[in-house]
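Please walk me through this structure, beginning with how it is divided and ending with the spaces inside it.

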Amino acid sequence: MGRNLQNKVVLHIGIDDIDSPLGGCTTHLASILVESLDGRFSFKDYPNLIRLNPNIPWKTRGNGAVALRVLVEEDSVSQVVERVLDTVGGYVEEFMHPKRNPCVAFYTSNNVSRSLRWFGVKAIRDVITLDLVKKVVGRNGVKFECYEPGLRGLVGAVAAIGVPLDDCDYTYELLAYRCRENWGKTRLVEDESVFKMDEETRPHTFLNVDWEEKRVLITPRGVDPVLYGIRGEDPGILIKAMKMVKIGEPIERWTIFRSNQGTDMHLQRVPAISSIRVYQSVIVRGKVVSKPMWIKGGHVVFRIGDETGTIDVAAYEPTGLQHIASKLIPGDVIEASGGVRPASSKHDMTINLERLHIIKLAELVEKRNPKCPKCGKTMKSMGRNKGYRCPKCGFRTCKASKIIIVKKRDLETGTYYPRLRAYRHLMKPPTRIGREKRKPPTRIYTPFHGT
Ligand code: ATP
């Protein structure tokens with residue numbers, strides 16, 4: 001960003017694992033920090049909301065972590081760190097829960113190092129061990145504070161620092177937070193106003209409404225302090241959208257985050273089925289090798305293979321992809337995108353389908369018995385290699401053979417996307433195709449947060 005960096009350094013502050021069943025959330029704490037720092041210090045970027053590996057089993061919700069990037073005089077770094085630790089400490093104490101491992105990490109540098117960037121992308125696509133995070137922290141001089149014994153939260157805090165969103169696609173999300181006394185109560189957001197907002201701001205905003213069910217998608221559930229989150233392509237459209245959404249309760253604060261949401265950053269193309277690892281999100285090409293099977297719950301499972309092996313693919317009912325998947329036949333060539341679930345006693349390692357690309361359809365052939373040349377009735381087989389006999393006129397022949405009929409497939413090649421309500425944070429909605437950004441923003445929109 002075009003800011004004067006003279007005498008100043010960028011202090012990157014990563015936070016994660018703040019949310020607890022008792023309330024609170026990582027982005028909410030980030031918003032409080034933004035408010036307490038803005039004015040006294042300037043921001044190099046919007047707060048970055050980085051969604052990490054969506055397949056991590058120990059995540060609570062969307063596996064989100066936040067990085068703040070503040071421009072500070074070199075001799076003020078410790079003052080800012082102290083201020084942040086004060087705020088984080090107070091917040092964390094209030095919502096302390098044994099299952100959480102809140103962490104905050106600090107890294108001072110005008111550029112994010114290559115090893116931190118590598119770590120950040122790995123945390124989005126893979127599973128990180130605590131040994132690895134310790135190594136990366138040591139190598140980069142990252143300072144940190146964890147508020148429970150254990151370092152799990154440090155993974156997300158450091159990973160968020162390592163994804164500065166300066167060499168990849170990104171989106172924005174405006175998060176509006178509820179006043180404390182309303183946490184846990186029904187969210188008073190007027191559906192009709194969200195429908196209107198969607199109609200007027202789409203496709204510059206996305207995932208507001210699932211029109212199939214006329215369901216509002218911007219409001220989360222539960223004790224989460226978030227009242228709603230509007231996602232979009234630029235901050236201006238989000239402010240416009242916020243003004244359009246009618247609510248029946250006060251907003252405590254709102255903040256615009258820059259994010260890897262809606263970018264498909266989690267997906268990695270793998271060259272062969274044998275190279276797929278659990279908890280990754282992959283794009284893999286293969287040939288359908290089994291007939292799709294409907295299973296309990298309305299899901300469809302089929303198997304694909306290549307020269308290196310085979311793997312199951314599951315199209316879950318909420319995605320709506322099961323109907324398309326059920327029409328596949330052995331021989332079809334597809335590309336499956338999705339998260340990889342480990343094998344269990346009930347099933348093999350499975351790709352949970354998030355997008356289905358049908359590349360080539362196999363011929364669907366039906367073999368029928370030949371017609372009798374004398375009376376036209378369909379003949380009956382007299383057994384393997386024993387010829388056919390007409391059940392009407394008794395005519396027998398060894399010369400006839402089965403008639404091959406190529407049937408029309410009730411399926412077309414192309415890309416099939418899930419229903420909007422089944423979208424997870426990192427998945428790119430089709431309306432974003434062609435809107436991908438290549439360069440970071442050159443300035444920060446004001447205001448990007450408020451109360
Ligand atoms: P949100 O903040 O959106 O509610 P969440 O609640 O789903 O996110 P967290 O509470 O942040 O998830 O918990 C996820 C935990 O997993 C954190 O401790 C984080 O450090 C850790 N984690 C995240 N990504 C990875 C990864 N790739 N490998 C190992 N651990 C990870």
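Strands are DSSP runs of E that hold at least two residues, and they are numbered from the N terminus. With that in mind, Gly-64 can be placed in strand β4, which covers residues 64-73. The model is a predicted one, and the positions and distances below are computed from it.

The protein chain is divided into domain 1 (8-164), domain 2 (171-262), domain 3 (267-361 + 409-422) and domain 4 (364-407). Taken over C-alpha atoms, the centres of domain 2 and domain 3 are separated by 32 Å.

The largest pocket holds about 1400 Å³ of space. Of the 50 residues that line this pocket, the closest to its centre are Arg-51, Arg-61, Gly-62, Asn-63 and His-425. Two or more lining residues come from each of the elements α1 (26-37), β3 (48-51), α5, β7 (171-178), β10 (215-216) and β11 (226-232), and α5 gives the most, with four residues. Because domain 1 (8-164) and domain 2 (171-262) both give residues to the lining, the largest pocket lies between them. By class, the lining has 21 nonpolar, 13 polar and 16 charged residues.

Helix α5, which spans residues 152-161, deserves a closer look. Nine of its ten residues are buried, so the helix is largely enclosed by the rest of the structure. Those buried residues are Gly-153, Leu-154, Val-155, Gly-156, Ala-157, Val-158, Ala-159, Ala-160 and Ile-161.

The ligand comes next. It is surrounded by 24 residues, of which the closest are Thr-60, Arg-61, Asn-63, Arg-100 and Arg-152. Several backbone atoms also come into play: a backbone N or O atom of Gly-62 lies 3.0 Å from an oxygen atom of the ligand, and a polar backbone atom of Gly-64 is 3.0 Å from an oxygen atom of the ligand. A nitrogen atom of the ligand, in turn, lies 2.9 Å from a backbone N or O atom of Ala-123.

Is Gly-64, the residue placed in β4 at the start, buried or exposed? Its relative accessibility is 19%, and because the cut-off for buried is under 20%, Gly-64 counts as buried. Gly-64 and His-425 are 361 residues apart in sequence, yet their C-alpha atoms are 9.1 Å apart in space.

Elsewhere in the chain, Thr-397 is found in strand β23, made of residues 396-397. Thr-397 is buried as well, with a relative accessible area of 15%, and a polar atom of its side chain lies 3.0 Å from the backbone nitrogen of Lys-399.

Finally, there are the closed spaces. How many cavities of 30 Å³ or more does the count give? It comes to two. The largest cavity has a volume of about 60 Å³ and is lined by Asp-264, Leu-267, Ser-337, Glu-354, Arg-355, Tyr-417, Pro-418, Tyr-423, Met-427 and Lys-428, which divide into five nonpolar, one polar and four charged residues. The second largest cavity holds about 40 Å³ of space, and its lining is formed by Ile-18, Ser-20, Tyr-91, Val-92, Phe-95, Met-96, His-97, Arg-100 and Pro-102. These residues divide into six nonpolar, two polar and one charged. Arg-100 thus appears in the lining of the second largest cavity and among the closest residues to the ligand.

Technical notes:
Residues numbered from 1 in each chain as written. Predicted model: local features only at pLDDT ≥ 70, side-chain atom pairs only at ≥ 80, totals over all residues. Heavy atoms only, no water. Buried < 20%, exposed > 50% of the residue type's maximum accessible area, 1.4 Å probe, protein only. 1 Å grid on protein atoms, 1.4 Å probe; cavity = no way out; pocket = protein on both sides within 12 Å on 5 of 7 lines; lining within 4 Å. Points joined across faces, edges and corners; volume = space filled by probe spheres on them. Nonpolar A, V, L, I, M, F, W, Y, C, P; charged D, E, K, R; others polar. Domains from an automatic or database assignment. Near = heavy atom within 4 Å. Polar contact = N/O pair within 3.5 Å; in protein donor to acceptor, adjacent residues only side chain to side chain.
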